[in-house]
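Open the model in your viewer and keep the selection tool at hand. This tour goes stop by stop.

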Amino acid sequence: MKLGFGLYRHMLSAPYFAFARQLGATHVVVHLVDYFNKGGAHNPPRDQPVGELGGWGHAGNPEQLWAVEELRAIKQRIEGAGLIWEAIENFDPAHWHDVLLDGPRKRLQLDWLKQIIRNVGMAGIPIIGYNFSIAGVAGRVTGPFARGGAISVGMDAPLDEPIPNGMVWNMVYDANAPAGYLPETTPQQLWSRLAAFLNECLPVAERAGVRLAAHPDDPPLPRLRGQPRLVYKPELYQKLIDINHSPSNQLECCVGTLAEMQDGDVYEAVDRYSAQHRIAYIHLRNVRGKAPHYKETHIDEGDIDILRVLRILRKNDFDGIIIPDHAPQLTCDAPWHAGMAFATGYLSACLSAVKAEA
Ligand SMILES: [Mn+2]
């Protein structure tokens with residue numbers, strides 16, 4: 001097990017690379033989608049993206065696929081800072097909105113995704129995390145929910161407001177879309193869209209040496225903004241794996257999201273999927289409560305026994321990276337940095353303790 005650190009697009013610079021390395025991370029996960037693009041005051045880049053009903057911000061340039069040269073240049077800078085680029089987290093809605101929505105550009109966009117996967121493989125990055133979701137990470141609020149009134153995110157009610165046309169995965173991909181809302185989708189339709197994506201892309205990923213790692217639905221609810229969701233119970237991860245048993249069909253196992261699920265047991269879930277060696281990497285944070293009523297907490301409070309999770313992973317010989325996906329902000333001049341440093345330091349200590357027991 002290795003300690004990693006996630007960086008948003010606007011953090012791909014020497015000070016952030018140094019920060020990650022100084023915390024003890026050996027690997028990084030990079031978000032190439034700029035969630036904060038035109039997000040304005042609704043989604044300031046000083047924290048994890050939250051946003052309001054209008055979403056986080058605007059998707060990227062659909063005509064500009066992530067190119068090998070661009071990826072290699074970023075990789076060189078990461079390696080120059082003494083880090084290893086382990087994963088890219090999330091596809092850009094600009095590149096796959098019609099794969100999610102079964103729209104007219106689906107065929108073209110599946111080809112784009114395959115090209116991106118090949119490019120990522122050629123650049124030597126082993127994992128792409130993704131979240132196959134129409135509403136995406138929406139409906140969360142910010143407040144002084146963590147110990148000592150530290151600002152964190154949470155949810156306190158379901159969110160039923162429909163999604164406007166031109167928006168998917170909580171980002172705007174077409175600012176000029178006609179008025180109105182996305183049509184209804186059934187869970188069966190959404191599962192068959194996921195299957196089409198996996199069956200098309202996994203053979204390409206396998207040849208490219210890339211693993212596709214699925215994040216569960218965060219927040220984990222059967223529906224959000226009037227649209228169905230896929231992985232909102234731990235056992236639905238098994239349904240995703242059983243669509244296609246390619247070794248590239250993997251999970252981005254978000255322990256906080258698993259703990260927010262109404263059904264199931266977070267420890268059983270971590271055990272089940274790590275025992276199958278289906279976990280590409282781990283998001284590890286703490287939470288209190290269950291969706292739609294939960295709050296993100298500091299890593300050493302909340303419902304999850306972090307050491308117990310790490311012991312299960314060690315028992316099953318999990319050899320991937322663990323990152324704190326989000327953390328509450330600490331009251332000081334650098335709230336995000338301090339919060340992430342506290343979470344990462346705590347994880348580092350827990351990892352050392354669990355390794356010493358072996
Ligand atoms: Mn996560």
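What follows is a list of selections and what to find at each.

**Before you start.** This is a predicted model; local features need pLDDT of at least 70, side-chain atom pairs count only at pLDDT 80 or more, and totals for chains, interfaces and linings use all residues. Residues are numbered from 1 along each chain as its sequence is written. Helices (H or I, at least four residues) and strands (E, at least two) are DSSP runs, numbered from the N terminus.

**Stop 1: the barrel.** Select β1, β2, β4, β5, β10, β13, β14 and β17. In that order, these eight strands form a closed barrel with parallel pairing. From one strand to the next, the twist averages 30°. Strands count as paired if DSSP finds at least two bridges between them. Strands of a sheet pair through backbone hydrogen bonds, either parallel or antiparallel.

**Stop 2: strand β4.** Select residues 84-89. Buried or exposed? Five of the six residues are buried, so β4 is largely enclosed by the rest of the structure. A residue is buried if 20 or more other C-beta atoms lie within 10 Å of its own, exposed if 12 or fewer, and partly exposed in between, with C-beta atoms placed from the backbone.

Now add β2, residues 27-30. β2 pairs with β4 in the parallel sense, over four bridges. Click Val29: its bridge partner in β4 is Ala87. Stay on Ala87 and add β5, residues 127-130. In β5, Ala87 has Ile127 as its bridge partner. β4 and β5 run parallel and are joined by three bridges.

Move on to β10. Four bridges join β5 to β10, again in parallel. Ile128 has its bridge partner in β10, at Leu212.

**Stop 3: helix α6.** Select residues 236-243. Which residues of α6 are buried? They are Leu236, Tyr237 and Leu240. These three lie on the same side of α6, because they cover an arc of only 115° around the axis (the arc of the directions from the helix axis to the C-beta atoms). Show β10 (211-214), β13 (249-254) and α8 (266-275) as well: they are among the elements that cover the buried residues of α6.

**Stop 4: Asn244.** Find Asn244 in the loop between α6 and β13. Asn244 has 16 C-beta neighbours inside 10 Å, so it counts as partly exposed. Leaving aside neighbours within four places in sequence, Asn244 is in contact with Leu198, Asn199, Leu202 and Asn249. Contact here requires C-beta atoms, placed from the backbone, within 7 Å. Try Pro203 too: it is 41 residues from Asn244 in sequence and 10.0 Å away in space, C-alpha to C-alpha.

**Stop 5: α8 and α9.** Keep α8 and add α9, residues 306-315. Their axes come within 9 Å and cross at roughly 20°. Axes are lines fitted to C-alpha atoms, for helices over the stretch in contact, and angles run from 0 to 180 degrees between N-to-C directions. α8 and α9 are therefore roughly parallel to each other. Angles under 35 degrees count as roughly parallel, over 145 as roughly antiparallel, 65 to 115 as roughly perpendicular and the rest as oblique. Tyr267, Val270, Asp271 and Ser274 of α8 make the contact with Arg308, Val309, Ile312 and Leu313 of α9.

**Stop 6: α3 and α4.** Finish with residues 93-101 (α3) and 106-122 (α4). These helices pack at an angle of about 130°, with axes 8 Å apart. α3 and α4 are therefore oblique to each other. The residues in contact include Trp96 of α3 and Trp112 of α4.

Notes:
Two residues are in contact if their C-beta atoms, placed from the backbone, lie within 7 Å.
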